[in-house]
Amino acid sequence: MQNLLHNLNPEQLAAVTLPAQSALILAGAGSGKTRVLTTRIAWLIQTGQISPGGILAVTFTNKAAKEMQTRLSAMLPINTRGMWIGTFHGLCNRLLRAHHRDAGLPQTFQILDSGDQLSFIKRLLKANHIDDEKFPPKTLMYFINSAKDQGLRAAQVDASDDFNRKMVGLYDLYDAQCQREGVVDFAELLLRTYELLSRNQPLREHYQERFRHILVDEFQDTNDLQYKWLKLMAGAGNRRPNAVFAVGDDDQSIYAFRGANVGNMTAFEREFEVQNLIKLEQNYRSHGHILDSANILIANNSKRLGKNLRTDAGHGEPVRVMEASSDIQEANWIIDEAKNLIREGSARSEIAILYRSNAQSRVIEHALFTANIPYRVYGGQRFFERAEIKHAIAYLQLMDNPHNDSAFLRVVNFPTRGIGARSIEQLQDAARLHHISLYAAVPHVAGKAGSALANFVRLIEGARFETQNLPLPEMVRVVLDMSQLLVHYQTEKEGADRIENLEQLVNAAVLFVSEEGFNKEAPAFTGPAVRQPVLLTNGANDVIIDADAALPTVMSPLSAFLSHASLEAGDNQAQAGQDAMQLMTVHSAKGLEFDAVFITGLEEGLFPHENSAQEEAGLEEERRLMYVAITRARKRLYLSFSQTRMLHGQTRYNMRSRFFDELPDESIKWLSPKVQPSWFGQKKSAWDEVPMAGVNQIAQNFSQTSAQQSWRVGQNVEHAKFGEGVIVNIEGSGTNARAHINFGKFGMKLLDLSIAKLEKI
DNA sequence: ATCCTTTAGAGATCA
DNA sequence: TCTAAAGGAT
């Protein structure tokens, strides 16, 4: 135990050793949050307060869950696989597999990822003759997901108008169709588990009895349903509720757009009767100037729980700011600076370039490519989302659950086997008529189409029969072969990569089987600390087997592998291993850290993004996003913006981001003059290519006042009412000249240049 | 069944 | 400007 608590600072120590009550840990960026979480678990176990089976640790990402597992197994001499550490969705999947009957699901229910869900909805709309112009699939999907994220079924959603009433009706149809096909979407995993435990008292009490300690990572990212789920698991309101150890940072809440509700933090304090709110404010990551910048910036937000990071490191380097004339010049500047850093000994992988939106990566990538610098872009297509992998998975899905119509449609004619749109229509009609799945409807289709379809069914049945006694990797290999997928890609010109990926799928199965313990005869978890499965009986005389943390006890290798494919889409394996510069959005940088960080495109409209800047809440989230970006940097931080930028095929003239005005002057070093340089006498740059519409005429007509009034596109101006703006376009001339001026938060204005009181700045 | 043209839409993410 | 997806032509 000495070792465990060794080197913790007083706040961390206090958090780790809190009594068994609910607690809220406000963990600032770089304050050792994960360390506190894992040490807390280890300490609870080591001091005998709880057995490993009594721990429930919830994260949002697989990466975070894995990280916890790894760190814990380094701290404790036990097999951590027996512990319930996972994502909300992963844990719900386990519970639903173990109690599928009580949850009203087939044992082999399958999980729709967001792509599957969208095509499912499109299919649903088509089958019900709904105009997808009036009811766009994406809108419906968002409607359904956000209702589920709030824990609401169709019947519980308030429908104020015709449109919403229709949406609610479609939500209901959607759920019914999912149920028929034996598929669940991501939100359903949580909602179904929540409903299961709400209504099934013995089950609820069993798990409440078991998980005496619940730990939650990134608590600020929880949505309403996840919060309710935690309340239920903890038995909040019970005589003896379980201890929920919630770790989060309200200043890093950047996922409101996907349903996260920071308000859960204050609700948690109240409803879980939190006695202990501990703030981790000691930062072990960033140098002083960087931290000061973050602190001063975030102080502009009004709704905060309040927290100020401090560091023992010195001030370090000032934050460097660059104003570029164009996005291209901005990229080139970044590369020059990065080259300097590399020359001074930085690893390329320790340099990150962050941007607000993905589209910005283009220009930077181009510059990096030209400069021949290796780089890695985060957030591309992931392994299990590739088309060929989805196809292979669809065959496996059909073998495990033939009623999955999405899987059926994906591969019924791939590789092509003469089953065209007409045959499919016939089949869909038959399925609708009998309220059965496409697979089950095949015998109802007669003629040539019918026999082709029957062959397909025979193929699936044959594959199932052939592989029933094979280990999973073998099964995958046989299916690749029998489905003709391999042959198909072998004959295709560009198929080599795809075949490679399909072979990777076999490897993934090998890896999965050994990691989850499916390759062993005996249960993987035999340590004394792991509790044995418990038998329960519910009212209907069914035996319920307590869900164990290990997958082999609750599902077949194939089912488990298929859920794995949906729940963990795999890395977007971009040239991993290489020492490459890191490119990513600010969102995907959360949780990471680098020696040097470039935050680019700091312009009004981009960052803060125009869609957010309208409302205060949106602006505050953008500011938190900026806070996250700043706190990624250890030693060097660079900020940049550009006077012109190509966006959607048009040149945009943005003002510099308001966030610059919220940073401490003494920590900032402007590499470019802060005031706009005068237009004349500039060296040749992208500026010179800016269209000069009207500028010349205006210049000839300045007699009415003075030379001061020669306006140009790109000129920064100040208006008494609208504040700072930038001239985007000038039309007309002389006393008729009018200009479109972008005033940022006040939007675009068309002003008469001879009337408006404008000052150059 | 495949290829080509047209069109709409372009913020961020994880499971 | 670029991309993806849908619709139309061969």
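**Exercise 1.** In this predicted model, determine where Glu494 lies, whether Glu494 counts as buried or exposed, and which residues form a negative surface patch with Glu494.

*Solution.* Step 1: Glu494 is placed in the loop that runs between α22 (485–491) and α23 (496–515).
Step 2: The relative accessibility of Glu494 is 66%. A residue is exposed over 50%, so Glu494 counts as exposed.
Step 3: Glu494 forms a negative surface patch together with Glu492, Asp497, Glu500 and Glu503.

**Exercise 2.** State how many salt bridges the model contains, and explain which parts of the chain are tied together by the pair Lys307 and Asp249.

*Solution.* Step 1: The criterion is a side-chain nitrogen of Lys or Arg within 4 Å of a carboxyl oxygen of Asp or Glu; by this rule the count comes to 46 salt bridges.
Step 2: Lys307 and Asp249 form a salt bridge through their side chains, with an N to O distance of 3.1 Å.
Step 3: Lys307 belongs to the loop between α13 (288–298) and β10 (310–311), and Asp249 to the loop between β7 (243–248) and α12 (263–271), so the pair ties together parts that are 58 residues apart in sequence.
Step 4: Both partners, Lys307 and Asp249, are buried.

**Exercise 3.** Describe the salt bridge between Glu474 and Arg477, including the element in which both residues lie and the exposure class of Glu474 and of Arg477.

*Solution.* Step 1: The side chains of Glu474 and Arg477 meet at 3.2 Å, N to O, in a salt bridge.
Step 2: Helix α21 (residues 472–482) holds both Glu474 and Arg477, which are three residues apart, about one turn of the helix.
Step 3: The class between buried and exposed begins at 20% and ends at 50% relative accessible area. Glu474, at 33% relative accessibility, therefore counts as partly exposed, and Arg477, at 44%, also counts as partly exposed.

**Exercise 4.** Give the N to O distance of the salt bridge between Arg656 and Asp661, classify Asp661 as buried or exposed, and name the residues linked with Lys148 in a network of salt bridges.

*Solution.* Step 1: Arg656 and Asp661 are joined by a side-chain salt bridge of 3.5 Å, N to O.
Step 2: Asp661 has a relative accessible area of 53% and is therefore exposed.
Step 3: Lys148 is linked in a network of salt bridges with Arg153, Asp175, Asp185, Glu188, Arg192 and Glu195.

**Exercise 5.** Compare the expected span of helix α16 with the distance between its end C-alpha atoms, and state how many residues of α16 are buried.

*Solution.* Step 1: Helix α16 (residues 387–400) has 14 residues and, at 1.5 Å a residue, should span 20 Å. The multiplier is one less than the number of residues.
Step 2: The end C-alpha atoms of α16 are 20 Å apart, which agrees with the expected span.
Step 3: Of the 14 residues of α16, 13 are buried, so the helix is mostly covered.

Conventions: Residues numbered from 1 in each chain as written. Chains lettered and ligands numbered in written order. Predicted model: local features only at pLDDT ≥ 70, side-chain atom pairs only at ≥ 80, totals over all residues. Heavy atoms only, no water. Patch = residues over 30% accessible without salt bridge, like charges linked within 9 Å, V, L, I, M, F, W, Y side chains within 5 Å. Areas by Shrake-Rupley, 256 points an atom, 1.4 Å probe, with all protein chains shown as cover. Lys, Arg positive; Asp, Glu negative; His and termini not counted. Charge placed at Lys NZ, Arg CZ, Asp CG, Glu CD. Helix = DSSP H or I, 4+ residues; strand = E, 2+ residues; numbered from the N terminus. Buried < 20%, exposed > 50% of the residue type's maximum accessible area, 1.4 Å probe, protein only.
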